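This report covers helix packing, strand pairing and one loop residue. The sequence and model are shown first.

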Amino acid sequence: MITYEAKRELLDIVGPEYYSDKLEDLVLYASDATNQNQYRPDAVIRPATTEEVARAVLTARRHKVPFIPRGSGSGLSGGALPVDGGIVCVMTRFNRVLEIDEENLLAVVEPGVVTARFQAEVEQLGLFYPPDPASRDFSSLGGNVAENAGGTRAVKYGVTRDYVLGLEFVVGTGEIIQTGVRTVKGVVGYDLTRLIVGSEGTLGVITKLILRLVPKPQSRETVVAYYADMEDAARTVSALTAARVVPATLEFMDRASINCAEDYLRQGLDRTAGAMLLIETDGPEAQARAEAEVAVEVCRRSGAGKVHRAHSREEAEAMWKARRCMSPAMFRVASGKFNEDIVVPRTRIPEMLKRMEQISARHGLTIINFGHAGDGNIHVNVMFDKADPVQAERSHEAVREIMAATLELGGTMSGEHGIGTSKRDFLDMEIRPEAMNLMKRIKTAFDPDGIMNPKKVFPLHP
């Protein structure tokens with residue numbers, strides 16, 4: 001609950017144009033891309049400077065009000081939901097690319113910069129920022145860092161944390177902290193930068209980022225291969241490694257996702273296939289072409305029924321449409337879905353998919369799977385009818401069984417979406433009590449009053 005005094009302080013900090021407690025604004029920021037829950041905040045602010053953020057955090061601390069950082073709201077784990085109301089701090093006015101240092105291969109940016117816009121700016125200079133979450137056209141860099149976003153290129157280039165050299169952020173005490181370096185190397189003190197990456201706004205509000213860049217690849221080649229079953233597709237992944245080919249992307253779709261995409265696009269995908277691989281190589285033109293040729297041969301030797309290599313950028317983009325359309329296409333199957341992003345050792349992807357077939361049959365629910373075959377990251381979509389409480393209950397149980405199977409196969413519950421509210425009650429299935437208690441002590445050190453994005457990450461049960 002925002003008191004009159006707290007409201008007056010916030011108005012003084014950001015001005016009446018950037019403060020709101022109007023119902024339409026509160027409803028707007030009550031949900032995120034998970035579309036599962038509505039948690040209405042008490043107020044919304046849109047600061048424009050680090051000092052404004054720090055003053056607002058101090059106001060929240062004085063009045064014991066939750067403070068929730070928010071980027072574009074594209075998260076898939078409920079990380080930006082104001083579960084206990086409070087102040088939603090929208091960071092979209094932090095939208096400047098402050099510096100691109102071409103000689104030292106780094107950039108200094110604000111957290112509200114949209115990922116795709118930043119990528120386009122650096123690519124115009126012949127540079128490359130590899131992290132590419134599916135939401136890159138609308139997600140913000142600050143949100144990517146808060147969730148340690150991944151994407152299709154992680155198999156070759158790594159994830160967001162591999163490109164964060166330094167940060168500026170405001171902790172729950174209102175202090176402004178600067179971490180990291182502008183150099184390739186740096187080991188002075190604890191690595192607070194990496195601690196903040198993936199902390200989901202529970203430790204502080206990111207206000208500035210120093211990001212590493214790499215030279216832009218000269219060329220890209222795309223290959224699509226269809227298989228009778230996922231075992232052959234998985235063998236291809238191992239065979240590519242043995243052939244010393246590290247694709248820039250290595251994506252898979254199972255039978256359900258192929259059919260779902262074809263229903264949506266009608267572009268001639270092979271409905272008879274049990275799995276599809278989408279492979280992209282990059283680098284100098286000769287290298288990208290040579291690796292694509294090796295990939296085609298490896299696919300055929302590993303049992304692919306059909307293999308096709310794109311002959312133009314337009315043809316490659318058409319191939320990628322099938323993978324990129326999955327989010328809207330799935331809502332033709334059912335009105336609701338739980339979107340999970342488990343990771344298993346890549347050799348165990350077929351076994352995990354078989355487990356999910358069993359879970360699907362047991363609960364009478366459609367489960368659609370696709371994702372990053374190169375790093376074992378499976379996007380699991382448990383589909384259900386929102387209007388059917390029985391299906392909703394079954395879907396919750398199916399998700400729990402999927403998490404248990406993932407851990408049993410040596411995997412982890414999230415590769416890039418984070419924990420937020422959606423996985424917090426499963427956390428103690430993976431994290432041991434000693435580690436959980438240490439994490440909670442770290443949280444207290446950064447946020448002694450517990451105001452920063454409360455009821456996220458840690459289980460609510462004792």
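Helix α3 lies across β8 (164–171), β9 and β10 (204–212), and runs at about 40° to β8. Contact here means heavy atoms within 4.5 Å. Helices (H or I, at least four residues) and strands (E, at least two) are DSSP runs, numbered from the N terminus. This is a predicted model, in which local features need pLDDT of at least 70, side-chain atom pairs count only at pLDDT 80 or more, and totals for chains, interfaces and linings use all residues. Residues are numbered from 1 along each chain as its sequence is written, and side-chain values use heavy atoms, with hydrogens and water left out.

The strands crossed by α3, namely β8, β9 and β10, belong to an open sheet of five strands with antiparallel pairing and the order β5-β6-β10-β8-β9. Its edge strands, β5 (97–101) and β9 (176–180), each pair on one side only. On average, neighbouring strands of this sheet are turned by 15° against each other, direction ignored.

Helix α3 (residues 50–62) also meets helix α1 (residues 4–14): their axes come within 10 Å and cross at roughly 175°. That makes α1 roughly antiparallel to α3 (angles over 145 degrees count as such). Axes are lines fitted to C-alpha atoms, for helices over the stretch in contact, and angles run from 0 to 180 degrees between N-to-C directions. On α1 the contact is made by A6, E9, L10, D12, I13 and V14, and on α3 by E52, R55, A56, T59 and R62. By class, the contact of α1 with α3 has five nonpolar, one polar and five charged residues.

Three strand pairs are listed below; two strands pair if DSSP finds at least two bridges between them.

| Pair | Sense and bridges | Bridge partners |
|---|---|---|
| β12 and β14 | antiparallel, nine bridges | V224 and L278 |
| β12 and β15 (residues 306–309) | antiparallel, four bridges | A225 and V307 |
| β5 and β6 (residues 106–109) | antiparallel, four bridges | I100 and A107 |

Strand β12 (residues 219–227) is mostly covered, with eight of its nine residues buried (under 20% relative accessible area, 1.4 Å probe, protein chains only).

L269 sits in the loop between α9 (255–265) and β14 (275–283). At 11% relative accessibility, L269 counts as buried. Not counting residues up to four places away in sequence, L269 touches Y226, I258, A261, E262 and A322. From C-alpha to C-alpha, L269 and T3 are 58 Å apart in space, and they are 266 residues apart in sequence.

Key
Angles under 35 degrees count as roughly parallel, over 145 as roughly antiparallel, 65 to 115 as roughly perpendicular and the rest as oblique. Ala, Val, Leu, Ile, Met, Phe, Trp, Tyr, Cys and Pro count as nonpolar, Asp, Glu, Lys and Arg as charged, and the others, Gly among them, as polar. Buried means under 20% relative accessible area, exposed over 50%, partly exposed in between (1.4 Å probe, protein chains only).
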